Amino acid sequence: MPELPEAETIARGLDHLARGRRLLKARVLTAGICERRVKFPVGARVRGASRRAKKVLLTFEGGATLLISLGMTGQVLRRDGNGLPAHTHLILTFDRGLELLYVDPRRLGRLEPARVATTMLAPAEEVAVWCDGRFGAEPLDTTWPEFKRLVGGRRKVFKQLFLDQRPIAGLGNIYADEVLFRAGVYPKARPADLNDEELKRVWREMRAVLRQAIRACGTTFRDYRTATGAAGGFVTRLYVYGREGDPCRRCGKPIVRLNWPTGRSTHYCPTCQPER
DNA sequence: AAGATTACCTGAAGGC
DNA sequence: TGCCTTCAGGTAATCT
């Protein structure tokens, strides 16, 4: 499930593969995967690939920027051989023989155009401007005072605060659970009820978990792959996600899984993350 | 108005 | 064996 580390890994792979390549052709196989307004900049060279929150951005010279929202099962893969993987929805053909595929079994992902003219902006600025109002702070760029300002005092429970992309953007179900375990914070704790020391642990672990997961090229449970088709290695480093009933790596007691919030799940250790 | 719930999607897995 | 139900969870829309 692509969250921030998976999107970052895909963006880095994409940047490596496609930077400087000229787009020759875009073939949409599944109309529903693209927003109507998407106009592929055929003829333009790729300036680079980057990431904001869980989104991958492919920026072209001339300012066109394609936003790739990966949903649950979206993959960006380099085509190898003549056949196409099942659920291929888009083929981007570049010069010098590169073809990139958007593959997404569940079709929850979307391709969108950028919202602002980007020609005059450097890539980092462009990404920040484009996304403002839609996504909150980048976790890895957030200092402790900023984190305290964004999160401290809020009444919304921590797990749901992390799933809401408006305050801080990039964590999903897996990393939210991992961060809260490593900080020793109960998932239903409210930031307003925590002291500075506890809040600071959440801030520190948020950044540590994401950095470590990026280093491991993300977490592959089933569908997620890097741009070169490799699986992410962080799954062996998870403390709680997907470990229901298994012994806690800190205290040995069984990891608990809640069917909460509605329609999803939360994993935690009742001993290491006491309700208080 | 914020918080909660549902729709979108398909493959895998489990129950009978 | 095979059919049916449930689950996975990112995001936006809808409801309360």
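A pocket is an open set of grid points, on a 1 Å grid over the protein atoms alone, with protein on both sides within 12 Å along at least five of seven lines. In this predicted model, the second largest pocket has a volume of about 180 Å³, whereas the largest pocket has a volume of about 600 Å³.

**Pockets**

The largest pocket is lined by 23 residues, and those closest to its centre are Lys54, Met72, Gly172, Asn173 and Arg264. Domain 1 (4–130) and domain 2 (139–268) each contribute residues to this lining, and therefore the largest pocket lies between them. The second largest pocket has a lining of 13 residues; Ala189, Leu194, Pro274, Glu275 and Arg276 are the ones nearest its centre.

The table sets out the composition of each lining by residue class, together with that of the surface near the DNA strand.

| Site | Nonpolar | Polar | Charged |
|---|---|---|---|
| Lining of the largest pocket | nine residues | eight residues | six residues |
| Lining of the second largest pocket | five residues | one residue | seven residues |
| Surface near DNA strand B | two residues | three residues | three residues |

**Domain arrangement**

Chain A is assigned two domains, domain 1 (4–130) and domain 2 (139–268). Their centres, taken over C-alpha atoms, are separated by 27 Å. In the contact between them, 19 residues come from domain 1 and 20 residues from domain 2. About 1,500 Å² of area is buried between domain 1 and domain 2, and carbon and sulfur atoms give 68% of that area. On the domain 1 side, Leu4, Pro5 and Glu6 account for 34% of the area buried against domain 2, more than any other three residues.

**Contacts with DNA strand B**

Around DNA strand B are the residues His87, Pro105, Arg106, Arg107, Leu108, Gln160, Arg222 and Thr262. Among the atoms of the strand that lie within 4 Å of the protein, 72% belong to sugar or phosphate, and the rest belong to bases.

Two of the residues around the strand approach phosphate oxygens through their side chains. In Thr262, a side-chain N or O atom is 2.7 Å from a phosphate oxygen of DNA strand B. In His87, a polar side-chain atom lies 3.1 Å from a phosphate oxygen of DNA strand B. Arg106 instead has a polar side-chain atom 3.2 Å from a base oxygen of DNA strand B. Because a polar contact is a pair of N or O atoms within 3.5 Å, the distances of 2.7 Å for Thr262, 3.1 Å for His87 and 3.2 Å for Arg106 fall within that limit.

Key:
Residues are numbered from 1 along each chain as its sequence is written. Chains are lettered from A and ligands numbered from 1 in the order in which they are written. This is a predicted model: local features need pLDDT of at least 70, side-chain atom pairs count only at pLDDT 80 or more; totals for chains, interfaces and linings use all residues. Side-chain values use heavy atoms; hydrogens and water are left out. A residue is near a molecule or strand if one of its heavy atoms lies within 4 Å of it. A polar contact is a pair of N or O atoms within 3.5 Å; within protein, one must be able to donate a hydrogen and the other to accept it, and residues adjacent in sequence count only if both atoms are side-chain atoms. Ala, Val, Leu, Ile, Met, Phe, Trp, Tyr, Cys and Pro count as nonpolar, Asp, Glu, Lys and Arg as charged, and the others, Gly among them, as polar. On a 1 Å grid over the protein atoms alone, a cavity is a set of points where a 1.4 Å probe fits but cannot get out, and a pocket is an open set with protein on both sides within 12 Å along at least five of seven lines; lining residues have an atom within 4 Å of a point. Grid points are joined across faces, edges and corners, and a volume is the space filled by probe spheres set on the points. Domain bounds come from an automatic or database domain assignment. Contact means heavy atoms within 4.5 Å. Buried area is the accessible area (1.4 Å probe) that two parts lose on being put together, summed over both.
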